Amino acid sequence: MWDWGYAQAIMPDLLVGVWYTLIVTVASSIIALVGGLGIALLEHASSRIGRTLVRAVLELVRGVPILVLLFFGFYVLPEYGIIMAAMPIGIAVLGLVYATFCSEVYRGSLASIPPSLWDACTALNLSPYVKWRRVMIPLMLKRSAPALANYVLIIIRQTSFLFAIGVPVLMGKASVTAFQSFRYLEPFTIAGLLYFAMNIPFIFLFSRLKTEHQ
């Protein structure tokens, strides 16, 4: 049976988890969005061998489960003198993993730019800096926006993995609360509703961006 008194009592702890979840989401998303753009530009500017190496690293990162990367950073790296707190490790792992996915979105948007636009930049004698900063990158961002918003939406849910290394995200707070009280209905139900509430702004943003690009 649902206990409203218990639900009210655990709400402050769960809201702390929401705060940590939002911090991790924002920080990881910044790394993913900026890092993905950097990877896409690096791949574009590299030689054939360089592109092959970049692709190999991307496939390696994408092919390893997030939990394995989290455990590697939290348990293995300290054995080699690299010690970091759990939260920075979680942010770095999520950010780098999704930077590899975002790079594919940027790469696709770059490939969709018509050759005539490249020719126009050459005809106008634009420097490489001006061409990329004022023309290509803004166009890449505009074309990539719907898919990138979707990845931010995914990152919100993926923050739940950080519970495995002790980061007090929403899933972690709900699990600890449930295990301490042996009551599972209220913590996990409320956690699910809070995750959904955090998703709502991004769902509307994704829908709006998708509509604008149709």
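The paragraphs below lead through this predicted model, from its overall layout to its cores, its helices and its surface.

The protein consists of eight helices and has zero strands, so that reading along the sequence gives the pattern α-α-α-α-α-α-α-α. Measured out along its principal axes, the C-alpha trace spans about 70 × 45 × 25 Å. Of the 214 residues, 37% count as buried, and the accessible surface comes to about 12100 Å², with 70% of that surface belonging to carbon and sulfur atoms. When contacts with a separation of 6 or more are considered, 79% of them are made by residues 24 or more positions apart. One example of two places far apart in sequence is given by I23 and V169, which are 146 residues apart along the chain, while their C-alpha atoms are separated by 9.3 Å. I23 belongs to helix α1, which runs over residues 4–45, and its relative accessible area of 30% makes I23 partly exposed.

We can now turn to the interior. In soluble globular proteins, nonpolar side chains tend to be buried together. The largest nonpolar core of this model holds 31 residues, and the members that touch the most other members are I66, Y98, Y106, W132, M140 and L162. Two or more residues each are given to this core by α1, α3 (66–76), α4 (86–111), α5 (115–123) and α6 (128–158), and the largest share, eleven residues, comes from α4. Apart from this core lies another one, of 13 residues, among them V18, I156, L170 and Y195.

Helix α3 offers a convenient place to look at how a helix can face such an interior. Which residues of α3 are buried? They are I66, L70 and G73, and because these buried residues fall within an arc of 70° when seen down the axis of α3, they line one face of the helix. The buried residues of α3 pack against α4 and α6. For I66 itself, leaving aside residues up to four places away in sequence, the residues touched are V93, L94, V97, Y98, Q158 and F161.

A charged residue can also be followed into the interior. E186 lies in helix α8, which covers residues 185–212, and with a relative accessible area of 0% it counts as buried, because buried means under 20%. Not counting residues up to four places away in sequence, E186 touches M1, W2, D3, Y6, A7 and I10.

Other charged residues take part in pairs. Side chains of opposite charge can pair when their charged atoms come close. The structure holds seven salt bridges, and E59 takes part in two of the pairings described here, one with R55 at 3.7 Å from N to O and one with R62, where the closest N and O atoms are 2.7 Å apart. E59 and R55 are four residues apart in helix α2 (residues 48–63), which is about one turn of the helix, and E59 and R62, being three residues apart in α2, are likewise separated by about one helical turn. Both E59, at a relative accessible area of 45%, and R55, at 21%, are partly exposed. In helix α4, E104 and R107 lie three residues apart, again about one turn, and they form a salt bridge whose closest N and O atoms are 2.9 Å apart. E104 is partly exposed at 23%, as is R107 at 35%. Salt bridges that share partners join E43, R55, E59, R62, E104 and R107 into one network.

The surface also has a nonpolar patch of about 590 Å², made by F163, V176, F179, F182, Y184 and F188. Within this patch, F179 lies in helix α7 (residues 170–181) and counts as partly exposed, at 47% relative accessibility, whereas F182 lies in the loop between α7 and α8 and is exposed, with a relative accessible area of 64%.

F182 also leads to a point about the backbone. Most residues other than glycine have a negative phi, and most peptide bonds are trans. F182, although not a glycine, has a positive phi of about 60°, and N125, also not a glycine, has a positive phi of about 60°. N125 is placed in the loop between α5 and α6, and its relative accessible area of 68% makes N125 exposed.

How values were computed:
Residues are numbered from 1 along each chain as its sequence is written. This is a predicted model: local features need pLDDT of at least 70, side-chain atom pairs count only at pLDDT 80 or more; totals for chains, interfaces and linings use all residues. Side-chain values use heavy atoms; hydrogens and water are left out. Patches are made of residues with over 30% relative accessible area and no salt bridge: like charges are joined within 9 Å, nonpolar side chains (Val, Leu, Ile, Met, Phe, Trp, Tyr) within 5 Å. Accessible areas come from the Shrake-Rupley method with a 1.4 Å probe; for residues, only the protein chains shown count as cover. A salt bridge is a side-chain nitrogen of Lys or Arg within 4 Å of a carboxyl oxygen of Asp or Glu. Buried means under 20% relative accessible area, exposed over 50%, partly exposed in between (1.4 Å probe, protein chains only). A nonpolar core is a set of buried Ala, Val, Leu, Ile, Met, Phe, Trp, Tyr and Cys residues joined through side-chain atoms within 4.5 Å. Contact means heavy atoms within 4.5 Å. The arc is that of the directions from the helix axis to the C-beta atoms.
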